[in-house]
Each structure stands twice: as structure tokens, then as C-alpha cells.
Amino acid sequence: MTVRQQTGPPRSGTAPVDFTEFYRAHFHRIAVQLYAYLGDHAEAQDLTQEAFCRALERWSRISGYDDPSAFVRRVAWNLATSRLRRMRTAVRHLARQREEHVPGPEPDRVALIRALAVLPATQRRAIVLHHLAHLSVGEIAEQVGAAEGTVRSWLSRGRAALAGQLTETGSEAHRA
Amino acid sequence: MPDTVIEKSFAEFEVAAGATFRPPGVAEAQRRIRVRRRRRGLLAGLLALLLAGPAGTYAAAHRGDPPVPRPIPTVSPTPGGKVIERKIALPGVPGGLTGLQFVDSRTGWALFDTCDSNDPMARGCRRTVARTTDGGTTWTVVALPEAPDGAAYLLPRDGRTLTVVAGRRYLVTVDGGATFSSSPLDSPSAATRRAMATPNGFVVACPSFLGPGDGARGKSCDRQQVLRVDDDPLPQQPPVTLRPGGEHALMEGGDGRLWLTVTEGDRLTVVTSDDRGATWRKLPAVVGARSLTVSPDGMDAWLVRTDAPNGTWRLAGDRWQPGPGVPDETYEVAAAGDGILVVSSRYGGLGFVADGRYVDVPELRDALRSNPDDQPAVAMLPDGTVQIRYGGTQFLGIGRGVERTWIRLS
């Protein structure tokens, strides 16, 4: 996935957003999206931080955008799906080989992560962007560089598969 | 009904998961940017990251064997100021290009994958590796065995030795892809260990460090050392303190000289050895310098600062002499040799600093600005080729000095 043009023309006559305030307001939401997509909490946090670093490096320009958070979201998603992430993933993966495991996430979060994990990456991405980033079909299409019809198809198939997974998981939990 | 279940699940997930994140903070973001700027002076080898994680020690090196005298590639300067396009397509091979690594102007490796190679949850992937020895004009599929599921990466050492990291295994060839062997992730072969070290096998790690799958042990000590991955300990350690997680970096020039940088506060100190670590010499610390870049032949060393007030310092004898400035929005700098620096811009574009002046490369201006969120990473390959990574595209600048033929591979 590539990130297309910026999120809008620079605002005119508007005071730039304070970066610290911006960071506090948007970090969690973006991190949660990446967590749902990647299924890796630490990776999601690290990539979100990296996206904010890139915004900080260009803050004089980005703070003038209509919606600076859209820039960070796009960069974060780009990182999550880009080749550059490969090295970082390998690093983290290898570094963990001898590290002690920490307690895993709560069961209800695991259920959704597991359900999402069985979806193809395209469907998983569309579902997360729709349900967690609250993007419209058109906005998703623009972000991922796909036709709106394709995004609708991903969402439809993804939802059907996800509902089946979640229902099944719920039934198993009840039986247990 | 299914939509209700999904909406409810995501709403609960958002609340529950959101509470688990601990944002590192703006100060940490600023620190990361500073560290990255220091690193940009070095070639970003994978071991660097493997050994150190995002903020620690790493080894970076001119990959591959020491440069072998060879004719400069017989490519004339870019005709008409245009970039030569080379699309990498393998007839009959499924999937798309997901990895591309060149070790010199002619030799490179490509990974084709039916999965997203970044996806650690990828399943049922069909993976193909190909090799070129003519600068990407033609490609030959190599005999990669069925690769495990999970994320996949290429880790080349030279034109004959390649490690494919796939899932939890290494697939290694030392004969140009004719045959592969396999080893678990926590038990890398000698070839893989060497691929992750400097050309002569040096790394910075804890004394108990065993290999690249040994990340935690490699960082769990009070002081790290310069080690050889497959040899006896060095008789003499450099006269600096190497703390795990500290800002230090090791690299090796094409002439075999070792360069170790240590940053403390705003001071960057370089320690160097020209006898493979037998003895070390400390150069004067430079306040404000962020990173070191050494030309492929090892003869031209510079310190660089890309954040304001930016600046350069060139090594003359055992002294750092103030050098020319670099543009305000410089992203990365690499020493090309003979006093020339290659400079990429944070907002795209690339140029050279030569004879104290910055000169833009016009044919790359648009090509490196096509994606405003990508930033061009620049490095020098061992044979003096300029390498630019820009999103999923790679550019090679073949030639000498500022006279280059530019090739875009995608």
C-alpha cells in the first residue's frame, strides 16, 4: 500500500495544532487499529510511535493540514504493510527468542484478534479501517489505493467470515 | 445479527485494548529522531538492528566481500537525463515482488511472494527467489525449497551467499542459489551469522553473545564488547564504554578498517582500528555531530549532522575539520569518496555535495517525490554504487563521483 497525497490543503488562518496535545489525543486510537490488524501489541505501539515521529519531523507543514491525524494514520498503516517493516519485525522477532514471555492479552481481546487473523490481509485491513478507524468505503478505497467496489467486496466477505468466527468463539465459550 | 456482533466486538475491543497502550511520549519520539539521524550516516545492515533493537548498538558495514577490483560498469551516463526503468517480472512465477536487495551494481536478489511478506500470520505462501548478475536486466529463479509460513525477508551477504528468513527458519545458500540448507531461527549457520556481521565478522554485543537469535543474551550485560562472531575474543577492546542500549555503532570500511562511534550527550566519539581490532585509536570527540559515514573504499570519513544547525566534519589525518553544509531538509547522507557526499532530502530528491556546493540530480527530482510520505534512504554499495530505497522502489546510481547513470528497479 502506498500513501497518496496529503490529507488536505494547509489550513489558512488557523493556529497550528500543538504536537504534544495532538499526540495525546490520537495515539491510542491509531495503536488500537494497528493492533487489531497485526495482532501484535508491541509492534502496534512501536509503529504508531514511528508514525508520530515522522509527523514530528515535518510538523511545521503537517500541523497546517485540515486533519493532521489522517496523515499519521496513513503513515502508520503504510508502515504496517510496507516492506520497511520487515527488518523491524525480524529484529523484534529474533530479539524475543530468549526473552521471557509476558502475560497475554485478555480473552475477549484474543477472540477478536484470532477471528481477524484468519481473514486475508486485504479484508482484515478493510474491516479494521471501517470499524475502528470509522472510515467510509470511499475513504478506505482512497487510503489503500483500491476501487470502492473492491473495498465493498472485502468488507462484505470479511464481515461474513468474522461473524462466523465470533459466533463460533462465543458458542465455544458458552459450552465451556 | 452478525453486524451487531461485529460492532459490539469492535466497540469492546477498542475500549479494552486502548487502555493497554502506554504511549512512549513526545520526548521519546524526539529521542528516536535524534538516534535515527545518527544512524543515517551508516549503512543500515540488518544485524545492526538484530543486535541492538531500535535504540542500541549495531554493526553496519559495507556488505559482501571486500571490493574486488573490477571495471566500473560500462553504462554511459543516463541518456537524455532520464532514469532507466527496469521492471522485475518473472514469467510464470506467482505473487508479486516483495523484497529486493542488491549487493553491488550488478548482483542482486529478489523475493516474490503470494503473501504479504510482512505478515507474521501469512499462511499458504508460495515464495520464489531470483538472482540477477547483470544489474537487474535479467533474473534467474533459484532453487529455494518450500519456505515456511510467516513473514519472509532476504538477508544477502554477497552474490553467492543469501539467507532467507522465513517464519521461524533460515534458508541459506552459499552457492548462488543452486542449493539451500535450513536451520532453526535460534541456531543460525555460520553463513547467516557472518551475513549479520561486518564483512570480517565483527559485532558489538555482550560477551555471552552466541548468534543473531540470541538477542536478549546479546544485550544482557553491564558492558558490551567488540566481538568476532566465529573467532576468539579480541585481545584489545576499544577504549570506550559500550553500554547495552547505548548509542553506539560499529562499521567496517572496504579497506578493513573498523570504525566505532559512541555518543554521549551531544558528543560523538569515533574509535578506529586498522589492524582488525588488535589496537584502537580514539579520535577527538565532536560536539553536535550525529553520525559517521565512510566511503566504500574506507578512505574518506565524515561526521554529519542533519538537524539544525546542520553540518559536516571531514577526517584529515587524526583531526576532524569542519566541512561544507548540507541542505536544511537533508534526510540522509552517505560518503561517496573523494570528498563527495550523496544527500537525500526529507521531502524527496537527491543531490551531491562536491567542492563545497550542493548540486541536485534533476532526473530524480520527480521520481523521489511521488509518494510524499516516503523518504529516500541513501547508502553506498561496496563497489561505489549509490543505492536509494524509496518505498517499494530501489534506485541504483552507477558510475563515479557525481557522474551517474540512474536505474529504477521495481
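Chain A contains nine helices and zero strands. In this predicted model, reading along the sequence of chain A gives the pattern α-α-α-α-α-α-α-α-α. Of the 176 residues in chain A, 47% are buried. Contacts in chain A with a separation of 6 or more can also be sorted by distance along the sequence, and 71% of them are accounted for by residues 24 or more positions apart.

A good place to begin a tour of chain A is the pairing of two of its helices. Two packed helices are described by the angle between their axes and the distance between the axes. Helix α1 of chain A spans residues 19-38 and helix α2 of chain A spans residues 41-57; the two pack at an angle of about 140°, and their axes are 8 Å apart. Because of that angle, α1(A) is oblique to α2(A). The crossing of α1(A) and α2(A) is right-handed. On the α1(A) side, the contact is formed by A:Phe19, A:Tyr23, A:Phe27, A:Ile30, A:Ala31, A:Leu34, A:Tyr35 and A:Leu38. These meet A:His41, A:Glu43, A:Ala44, A:Gln45, A:Leu47, A:Thr48, A:Ala51, A:Phe52 and A:Leu56 in α2(A). By character, the residues of this contact divide into 13 nonpolar, three polar and one charged.

Further along chain A lies helix α4, which covers residues 68-81. The 14 residues of α4(A) reach 20 Å from the first C-alpha to the last, close to the 20 Å expected at 1.5 Å a residue. Twelve of these 14 residues are buried, so α4(A) is largely enclosed by the rest of the structure. The buried residues of α4(A) include A:Phe71, A:Val72, A:Val75, A:Trp77 and A:Leu79, and among them are also A:Arg73, A:Arg74 and A:Asn78.

Chain B brings strands into the picture, with five helices and 29 strands. Buried residues make up 50% of the 410 residues in chain B. Among contacts in chain B between residues at least 6 apart in sequence, 50% join residues at least 24 apart.

One residue of chain B, B:Leu100, gives a closer view. B:Leu100 sits in strand β3 of chain B, which runs over residues 96-102. B:Leu100 counts as buried because it has 21 C-beta neighbours inside 10 Å. Although B:Leu100 and B:Gly392 are 292 residues apart along the chain, their C-alpha atoms are separated by 8.6 Å. When neighbours within four places in sequence are left aside, B:Leu100 is in contact with B:Gly108, B:Ala110, B:Gln394 and B:Leu409.

Methods. Residues are numbered from 1 along each chain as its sequence is written. Chains are lettered from A and ligands numbered from 1 in the order in which they are written. This is a predicted model: local features need pLDDT of at least 70, side-chain atom pairs count only at pLDDT 80 or more; totals for chains, interfaces and linings use all residues. Axes are lines fitted to C-alpha atoms, for helices over the stretch in contact, and angles run from 0 to 180 degrees between N-to-C directions. Helices (H or I, at least four residues) and strands (E, at least two) are DSSP runs, numbered from the N terminus. Angles under 35 degrees count as roughly parallel, over 145 as roughly antiparallel, 65 to 115 as roughly perpendicular and the rest as oblique. A crossing is left-handed if the near helix is turned anticlockwise from the far one by less than a right angle, and right-handed if clockwise. Two residues are in contact if their C-beta atoms, placed from the backbone, lie within 7 Å. Ala, Val, Leu, Ile, Met, Phe, Trp, Tyr, Cys and Pro count as nonpolar, Asp, Glu, Lys and Arg as charged, and the others, Gly among them, as polar. A residue is buried if 20 or more other C-beta atoms lie within 10 Å of its own, exposed if 12 or fewer, and partly exposed in between; C-beta atoms are placed from the backbone. The expected span of a helix is 1.5 Å times one less than its number of residues.
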